[in-house]
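Visitor: I should like to take a close look at one part of this structure. Please begin with the charged pairs and then follow the chain outward from them.

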Amino acid sequence: MKPVKVGLLGLGTVGTGVVRIVEGNQEDLSSQVGSPIVIERIAVKNTEKARDIEVDAAIITDDPWAVIRDPEIDVIVEVMGGIAGTKEYILEALERGKHIVTANKDLMALHGSEILAKAQEKQCDVFYEASVAGGIPIIRTLIEGFSSDKIVKIMGIVNGTTNYILSKMSQEGASYLDVLKEAQELGYAESDPTSDVEGLDAARKMAILGTLGFRTNVELSDVSVSGISGVSKEDIAFAKRLGYEMKLLGIAESHEDEFSISVQPTMIRASHPIASVNGVYNAVYVYGQAVGETMFYGAGAGAMPTATSIVADLVAVIKNLKLGVNGLKQIVPYKQKKLKSDEDIFYKNFLLLHVDDKAGVLAKITQVFAEYDVSLDSVVQQANSHNPDAEIIIVTHNASKASMNKVMRHLEQLKVIHRIKSHYRVEG
C-alpha cells in the first residue's frame, strides 16, 4: 500500500496534536483509508526550538516553500495561522494539485471564496472543519448532514474565552475585568484579548457558518459585531432576575434568501439549552425547515480537540483521493447575496435606563416606544439605594432594528433620562 504523504505547516500546540494523533492512531487511520499516512515534511519558524514531541530532525525545515513544492507530498495541513503569507502558500499548493486541510478561520473568513474557487478549478479538496468550534464537527454537518434541508437560523457560542468570562461573571457575581485577568492567567485569554472580547473572532466564525448554511458569500463586513467589554455584573444580575443568561451569541438568520448575521451579547432564556453551556465550551444551534431544532456541543478549542477535527478532515481527503472524487464536495456559494435591511431584522430588546425619580417619567418614556410602534413586554421601575436616579427596566416584544434605532435616538434626547445604561438583544 503506497503511503499518503502529508506536509505540515506549523508545529505549535495544534500541529503537535496532529502529529500525536497520526502517529498514535496509525493502525486505525490506515484501516480507514487503505494505506499508511506519513508526515513527510514539517515547516516551523525555528528549527532549534525545544518541542514537546520527538520528530525526526531530517523532516524539519524553516522554509514553507520547501514543503509546498515537494512533489512527493499529496496533502498540506496548515496550522501556522496568519493570513498574508499563508494565503500564498495555500494558493500555490492548490496550483500544484495538492489538497488542503486548514484550521485557519481568519484566512477562510476573509479569503475563503478565492481559495475554494481555486480548489474547484484544480479539482482539489479544501477542508477546514477545525476553523470553527474546535472539535465540534459543525462544518461537515452543515455541508453533508443538512444537504437536504434549508437552514433558516444558526445561533452559537463560538468563542470559548468570552463564554468563560460571562459564565464566571454569572456564577460568581464577579466583574468583567477581574474575570478577564483570571482568564489571562489561566491561558484562556490572550495578553491582548481584543479579538475575543470584542467579538471579532466569533464574527469570522459566523461568516464561515453563514456562507455554508445559506450557500451565499458572506463577508466579514456583513457581520454586525458588538463585544462583551461593556457587560457589567449588574447587567448579568438583572438578566438572571428576569430568567435569562448572558451569552455572546453569533446569530445568523435567513428568510426568503435574505439574511442577517450578528455577534453580540445576548440575554437568552435560562431554559434554552444553549444557556447552560458554560466555561470554555462551544455550542451551535441549527434550525432547519425540515429537521427543526438541533444542537451541537463540545470543546471549542484546545490542541487535541482541534487536532481531532484536522485529522478527520485529512481522512476525508484521503478517502476522496482513493475514490478519485477530490474537489467534488466543496460548497462554493451559488446564491446571490441579499442582506436584510434594518426594517426586516426583528428581535426582542432589553433596556436599563437611569432616569429622574419623579412622577410622569415612565409615561414619557413609554410614549416614545408607542410613537415608533414598538410594543412592550414588561416595564419595571425601581429605586436603587446606590443610585440617586430611578431605574427603569424595559423588555420589548419583537421589534425591527430600524424602529429600535429610532427609539434609541429619541430616548437619548429626553431630558428625564440621565443614562441609557444597557441595551441588549433578547432571545428565547
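How many salt bridges does the structure hold?

Guide: This is a predicted model, and the structure holds 25 salt bridges. The part chosen for a close look is helix α5, residues 105-122, together with the partners of its charged side chains.

One of the salt bridges is formed by Lys122 and Glu95, whose closest N and O atoms are 3.0 Å apart. Lys122 belongs to helix α5 and Glu95 to helix α4 (residues 84-95), so this pair ties together parts that are 27 residues apart in sequence. Lys122 has a relative accessibility of 29% and therefore counts as partly exposed. Glu95 is also assigned to the partly exposed class, with a relative accessible area of 38%.

Another salt bridge involves Lys105 and Asp201, with 3.1 Å between the closest N and O atoms. Here distant parts of the chain are linked, since Lys105 is in helix α5 and Asp201 is in helix α10 (residues 200-214), 96 residues apart. The two partners fall into separate accessibility classes: Lys105 is partly exposed at 22% relative accessibility, whereas Asp201 is buried, with a relative accessible area of 5%.

Helices α5 and α10 are also linked by Arg204 and Asp106, whose side chains meet in a salt bridge with an N to O distance of 3.2 Å. Arg204 is located in helix α10 and Asp106 in helix α5, so the pair ties together parts that are 98 residues apart in sequence. Arg204 is buried, its relative accessible area being 18%, which lies under the 20% limit for that class. Asp106, at 22% relative accessibility, counts as partly exposed. Beyond individual pairs, Glu95, Lys118, Glu121 and Lys122 are joined into one network by salt bridges that share partners.

Directly after helix α5 comes a backbone feature. Gln123 is not a glycine, yet it has a positive phi of about 55°. Gln123 is placed in the loop between α5 and β6 (126-127). With a relative accessible area of 56%, Gln123 is exposed.

A positive phi also occurs at Asp257, a residue other than glycine, where the value is near 65°. Asp257 is part of the loop between β9 (244-255) and β10, and its relative accessibility of 31% makes it partly exposed.

The charged surface can be considered next. Glu256, Glu258, Asp342, Glu343 and Asp344 form a negative surface patch. One of these residues, Asp342, sits in the loop between α12 (303-323) and β13 (346-355). Asp342 is partly exposed, and its relative accessible area is 30%.

A nonpolar patch is also present on the surface, formed by Leu186, Tyr188, Val280, Tyr281 and Tyr297, which together have about 480 Å² of accessible area. Within this group, Val280 is situated in the loop between β10 (258-269) and β11 (281-288). Val280 counts as partly exposed at 30% relative accessibility.

Two further sites concern polar contacts. Ser170 is in helix α7 (residues 160-172) and is buried, with a relative accessible area of 13%. Its side chain makes a polar contact of 3.2 Å with the side chain of Lys240. The side chain of Ser170 is also joined to that of Glu245 by a polar contact of 2.8 Å.

Glu72, by comparison, is partly exposed, with a relative accessible area of 43%, and is found in the loop between α3 (64-68) and β4 (75-78). The side chains of Glu72 and Lys5 are joined by a polar contact of 3.4 Å. Glu72 and Gly7 are separated by 65 residues in sequence, while their C-alpha atoms are 9.3 Å apart in space.

To return to the part chosen at the outset, helix α5 is linked to helix α4 through Lys122 and Glu95, and to helix α10 through Lys105 and Asp201 as well as through Asp106 and Arg204.

Definitions and conventions: Residues are numbered from 1 along each chain as its sequence is written. This is a predicted model: local features need pLDDT of at least 70, side-chain atom pairs count only at pLDDT 80 or more; totals for chains, interfaces and linings use all residues. Side-chain values use heavy atoms; hydrogens and water are left out. Patches are made of residues with over 30% relative accessible area and no salt bridge: like charges are joined within 9 Å, nonpolar side chains (Val, Leu, Ile, Met, Phe, Trp, Tyr) within 5 Å. Accessible areas come from the Shrake-Rupley method with a 1.4 Å probe; for residues, only the protein chains shown count as cover. A salt bridge is a side-chain nitrogen of Lys or Arg within 4 Å of a carboxyl oxygen of Asp or Glu. Lys and Arg count as positive and Asp and Glu as negative; His and the chain ends are not counted. The place of a charge is taken as NZ of Lys, CZ of Arg, CG of Asp or CD of Glu. Helices (H or I, at least four residues) and strands (E, at least two) are DSSP runs, numbered from the N terminus. Buried means under 20% relative accessible area, exposed over 50%, partly exposed in between (1.4 Å probe, protein chains only). A polar contact is a pair of N or O atoms within 3.5 Å; within protein, one must be able to donate a hydrogen and the other to accept it, and residues adjacent in sequence count only if both atoms are side-chain atoms.
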